Amino acid sequence: MSSIKQFQVTFDCADPERVARFWCEVLGYVVPPPPQGHATWDDFNRSLPPAERNAWFACSDPSGVGPRLFFQRVPEGKVVKNRVHLCVRAGTGLVGQERLATLEAECARLVALGAVRVRLLPADEDNESCIVMQDIEGNEFCLD
């Protein structure tokens with residue numbers, strides 16, 4: 001039996017390109033080139049029927065290690081907490097005040113990009129500190 005080595009994370013959202021470009025900035029991901037035969041993504045979108053324009057967007061890890069992120073337009077808005085969320089690993093290997101300072105600095109950078117800080121989860125006996133945040137459409141993620 002073979003095992004899957006690659007996967008994609010898909011986000012439902014209202015504005016796929018806007019959310020994808022936010023996550024590119026957060027993670028250092030890149031927007032792939034437009035489909036063959038199109039000079040730009042705008043050119044590609046203009047080639048589609050109006051109902052299909054801006055219906056999806058994607059970004060990927062330029063090193064090829066991380067999963068592709070796919071963003072698809074859905075008609076309904078976000079209503080409840082995510083069942084799955086990303087953990088952005090900014091403080092890996094750090095503890096105590098050094099970890100908090102690193103998380104706070106990254107939090108400030110992400111807030112400047114449009115993210116929202118929700119709350120700090122302080123360290124306890126089992127876990128180091130992390131910051132719960134929301135992306136530009138309210139999807140929760142952890143700065144860990």
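Reader: Happy to be looking at this one with you! Are Trp23 and Phe141 buried or exposed?

Author: Glad to have you here; please keep in mind that this is a predicted model. Trp23 is among the residues of α1 that lack exposure, alongside Phe22 and Cys24. Phe141 shares that status with Trp23, and the word for both is buried.

Reader: What kind of aromatic pair do the rings of Trp23 and Phe141 make?

Author: The structure holds 9 aromatic pairs, and this is one of them. It links distant parts of the chain, with Trp23 in helix α1 and Phe141 in strand β7, 118 residues apart. The ring centres lie 4.9 Å apart and the planes meet at 70°; planes over 60 degrees apart count this way, so the pair is edge-to-face.

Reader: Which aromatic cluster includes Trp23 and Phe141?

Author: Trp23 and Phe141 do not stand by themselves, since one cluster takes in both. Its members are Phe11, Phe22, Trp23, Phe71 and Phe141.

Reader: And how are the planes of Trp41 and Phe57 arranged?

Author: Trp41 lies in helix α2 (residues 41-46) and Phe57 in strand β2, so the pair ties together parts that are 16 residues apart in sequence. Trp41 is buried at 10% relative accessibility, and Phe57 is buried at 2%. Their rings sit 5.1 Å centre to centre with 50° between the planes, an arrangement called tilted.

Reader: What span does helix α1 reach from its first C-alpha to its last?

Author: Helix α1 covers residues 16-27, which makes 12 residues. At 1.5 Å a residue, the expected value is 16 Å, and the helix comes close to it. Just after α1, Gly28 takes a positive phi of about 75°. The span of α1 itself is 16 Å.

Reader: Which residue in β3 is the bridge partner of Cys13?

Author: β1 and β3 run parallel and are joined by 6 bridges. β3 also pairs with β2, in the antiparallel sense over 4 bridges, where Ala58 stands opposite Phe70. For Cys13, the partner in β3 is Arg73.

Reader: How many disulfides does the count come to?

Author: A pair of cysteine sulfur atoms must lie within 2.5 Å to qualify. The sulfur of Cys13, a buried residue at 2% relative accessible area, is 11 Å from the closest cysteine sulfur, in Cys59, so that is too far for a bond. Cys87 is in no disulfide either, as the nearest cysteine sulfur, that of Cys142, is 4.4 Å away. The count of disulfides comes to 0.

Definitions and conventions. Residues numbered from 1 in each chain as written. Predicted model: local features only at pLDDT ≥ 70, side-chain atom pairs only at ≥ 80, totals over all residues. Heavy atoms only, no water. Buried < 20%, exposed > 50% of the residue type's maximum accessible area, 1.4 Å probe, protein only. Helix = DSSP H or I, 4+ residues; strand = E, 2+ residues; numbered from the N terminus. Expected span 1.5 Å × (residues − 1). Pairing = 2+ DSSP bridges. Phe/Tyr/Trp six-rings, centres within 6.5 Å; stacked < 30°, edge-to-face > 60°.
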